[in-house]
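Here is a short briefing to read alongside the viewer. Have the sequence and the 3D view open as you go.

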Amino acid sequence: MAKQKIIDVECKKGHLLFEKYRKVKAGNLMKCYIDEIGIDYIGVSGLSNGTDVYCPNCKKEGENLRIGRIALVHGRPAVVVNHGGIKPIKTK
């Protein structure tokens with residue numbers, strides 16, 4: 001069985017987006033499966049496929065920081081991460 005890590009996902013400016021996300025595989029964070037997110041601070045669970053996801057705190061500050069896009073990955077809804085929008089996360 002693969003190692004699991006519980007991580008927090010933040011935008012590049014440090015605002016918390018997802019807390020207690022269960023990352024299963026080692027390596028860079030490429031996607032966040034919606035059903036693996038412990039606490040969702042931006043409300044991605046009700047969004048449809050193809051919807052862009054933005055950091056709501058950065059929007060309040062006047063910047064449109066794109067976090068990713070909702071897509072089906074291996075038959076499961078996920079946020080496919082925009083690496084310029086989040087702090088780099090790499091697990092071992």
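The notes below go from the overall fold to the surface and then to the core.

Please keep in mind that this is a predicted model. The protein chain is built from one helix and nine strands, and a good place to begin is the order in which they come.

**Fold and dimensions**
- Following the sequence, you will meet the elements in the order β-β-β-β-β-β-α-β-β-β.
- The radius of gyration of the protein chain is 12 Å, which agrees with the value near 12 Å for a compact globule of 92 residues.
- Along its principal axes, the C-alpha trace covers about 45 × 25 × 20 Å.
- Among contacts with a separation of 6 or more, 42% link residues that lie 24 or more positions apart.

**Surface and charge**
- The protein chain exposes about 5,600 Å², and 50% of that area comes from carbon and sulfur atoms.
- There are 17 positive and 9 negative charges, and their mean positions lie 8 Å apart.

**Burial and core**
- Of the 92 residues, 35% count as buried.
- In soluble globular proteins, nonpolar side chains tend to be buried together.
- The largest nonpolar core here has 25 residues, of which Val9, Leu17, Phe18, Leu29, Cys32, Val44 and Ile67 touch the most other members.
- At least two residues of this core come from each of strand 1 (5-10), strand 2 (16-23), strand 4 (31-33), strand 7 (66-73) and strand 8 (76-81).
- For a closer look, try Val44: leaving aside residues up to four places away in sequence, Val44 touches Phe18, Ile34, Ile37, Val53, Ile70 and Val79.

Methods:
Residues numbered from 1 in each chain as written. Predicted model: local features only at pLDDT ≥ 70, side-chain atom pairs only at ≥ 80, totals over all residues. Heavy atoms only, no water. Helix = DSSP H or I, 4+ residues; strand = E, 2+ residues; numbered from the N terminus. Rg over C-alpha atoms; globule rule 2.2 N^0.38 Å. Buried < 20%, exposed > 50% of the residue type's maximum accessible area, 1.4 Å probe, protein only. Contact = heavy atoms within 4.5 Å. Areas by Shrake-Rupley, 256 points an atom, 1.4 Å probe, with all protein chains shown as cover. Lys, Arg positive; Asp, Glu negative; His and termini not counted. Charge placed at Lys NZ, Arg CZ, Asp CG, Glu CD. Core = buried A, V, L, I, M, F, W, Y, C linked by side-chain atoms within 4.5 Å.
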